[in-house]
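Hi everyone, thanks for making time for this. I'd like to walk you through one structure, so please have a look at it while I talk.

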Amino acid sequence: SYNEIGFIYEHYYDPPRYTDAIEAYEKAVRERFRELAFSDIDRLGLLYMKLMSPENDYRQRAIQLYRRFIDERSVNESQARMRLAVLEATE
């Protein structure tokens with residue numbers, strides 16, 4: 001699955017291939033958002049948060065990801081709200 005591919009890029013390469021990991025995680029979210037566990041979606045959000053900077057739009061992507069999760073899913077919503085609060089506090 002794309003989530004597994006993303007995990008491999010993120011954790012088994014030295015140095016990690018973060019851009020490739022993000023692309024794989026994004027494909028997983030696009031194709032299987034309703035079926036993915038929060039932990040799978042959160043991998044993408046946490047990677048966005050780790051790499052966010054004024055030079056990219058990762059912060060905004062993370063906000064959109066967690067808002068979508070809160071709007072469309074109810075499982076583990078509190079974790080998504082916590083991540084969103086951290087992101088919004090960094091504005």
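**A walk through the helices**

Let's begin with Glu-77, which you'll find in helix α5. Before I go on, please keep in mind that this is a predicted model. Is Glu-77 buried, partly exposed or exposed? Its relative accessible area is 22%, and because buried means under 20%, Glu-77 counts as partly exposed. Setting aside residues up to four places away in sequence, Glu-77 touches Phe-69 and Ile-70. Glu-77 and Tyr-66 are 11 residues apart in sequence, and their C-alpha atoms are 8.9 Å apart in space.

How far can we trust what we're looking at? The chain has a mean pLDDT of 92, with 97% of its residues at 70 or more. Confidence in the chain is lowest in α5, where the mean is 89, and highest in α2, at 97. As a reminder, where pLDDT is low, the predicted coordinates should not be read in detail.

Staying in helix α5, we come to Arg-83. You might want to know: is Arg-83 buried or exposed? At 18% relative accessibility, Arg-83 counts as buried, because the cut-off for that word is under 20%. Leaving out neighbours within four places in sequence, Arg-83 is in contact with Asp-42, Leu-46, Met-49 and Tyr-66.

That brings us to Tyr-66. Which residues does Tyr-66 touch, not counting those up to four places away in sequence? Phe-38, Asp-42, Gly-45, Leu-46 and Met-49 are among them, and so are Ala-80, Arg-83, Leu-84 and Leu-87.

Tyr-66 also belongs to the largest nonpolar core, which has 23 residues. Tyr-66 is listed with Val-29, Ile-41, Leu-44 and Tyr-48 as the residues with the most contacts inside that core. The elements giving two or more residues to this core are α2 (18–32), α3 (38–51), α4 (58–72) and α5 (77–89). Which of them gives the most? That would be α4, with 7 residues.

While we're on α4, have a look at Ile-63, which is found in that helix. Ile-63 counts as buried, at 3% relative accessibility. Leaving aside residues up to four places away in sequence, Ile-63 touches Leu-84 and Leu-87. For a sense of scale, the C-alpha atoms of Ile-63 and Ser-1 are separated by 24 Å, with their positions 62 residues apart along the chain.

Next up is α3. Its buried residues are Phe-38, Asp-40, Ile-41, Asp-42, Leu-44, Gly-45, Leu-47, Tyr-48 and Met-49. What do they pack against? They pack against α1 (2–11), α2, α4 and α5. There's a simple check on the helix itself: at 1.5 Å a residue, the 14 residues of α3 should span 20 Å. The end C-alpha atoms of α3 are 20 Å apart, so the two agree.

Now for Phe-33, in the loop between α2 and α3. Phe-33 is buried, with a relative accessible area of 3%. Not counting neighbours within four places in sequence, Phe-33 is in contact with Ala-28, Ile-41, Arg-68, Phe-69, Glu-72 and Arg-73. Two of those arginines deserve a moment. The charged end of Arg-68 sits over the ring of Phe-33, 3.7 Å from its centre. The charged end of Arg-73 also sits over that ring, 5.8 Å from the centre. Phe-33 and Arg-68 are 35 residues apart along the chain, with their C-alpha atoms separated by 9.7 Å. Ring pairs also link Phe-33 with Phe-38, Tyr-66 and Phe-69 into a cluster.

How many aromatic pairs are there? The count comes to 6. Tyr-9 and Tyr-13 form a tilted pair, 5.6 Å centre to centre, with 40 degrees between the planes. Tyr-13 is partly exposed, with a relative accessible area of 36%.

Tyr-9 itself is placed in helix α1. Apart from neighbours within four places in sequence, Tyr-9 is in contact with Pro-16, Arg-17, Asp-20 and Ala-21. From Tyr-9 to Ile-22 is 13 residues in sequence and 8.9 Å in space, C-alpha to C-alpha.

One last stop, in the loop between α1 and α2, where Pro-15 lies. The peptide bond from Asp-14 to Pro-15 is cis, with omega near 5 degrees.

That's my tour. Thanks for listening!

Notes: Residues are numbered from 1 along each chain as its sequence is written. This is a predicted model: local features need pLDDT of at least 70, side-chain atom pairs count only at pLDDT 80 or more; totals for chains, interfaces and linings use all residues. Side-chain values use heavy atoms; hydrogens and water are left out. A nonpolar core is a set of buried Ala, Val, Leu, Ile, Met, Phe, Trp, Tyr and Cys residues joined through side-chain atoms within 4.5 Å. Buried means under 20% relative accessible area, exposed over 50%, partly exposed in between (1.4 Å probe, protein chains only). Helices (H or I, at least four residues) and strands (E, at least two) are DSSP runs, numbered from the N terminus. Contact means heavy atoms within 4.5 Å. Rings of Phe, Tyr and Trp (its six-membered ring) pair if their centres lie within 6.5 Å; planes under 30 degrees apart count as stacked, over 60 as edge-to-face and the rest as tilted. A charge sits over a ring if NZ of Lys or CZ of Arg is within 6 Å of the ring centre and within 35 degrees of the ring normal. The expected span of a helix is 1.5 Å times one less than its number of residues. pLDDT is the predictor's confidence in each residue, from 0 to 100.
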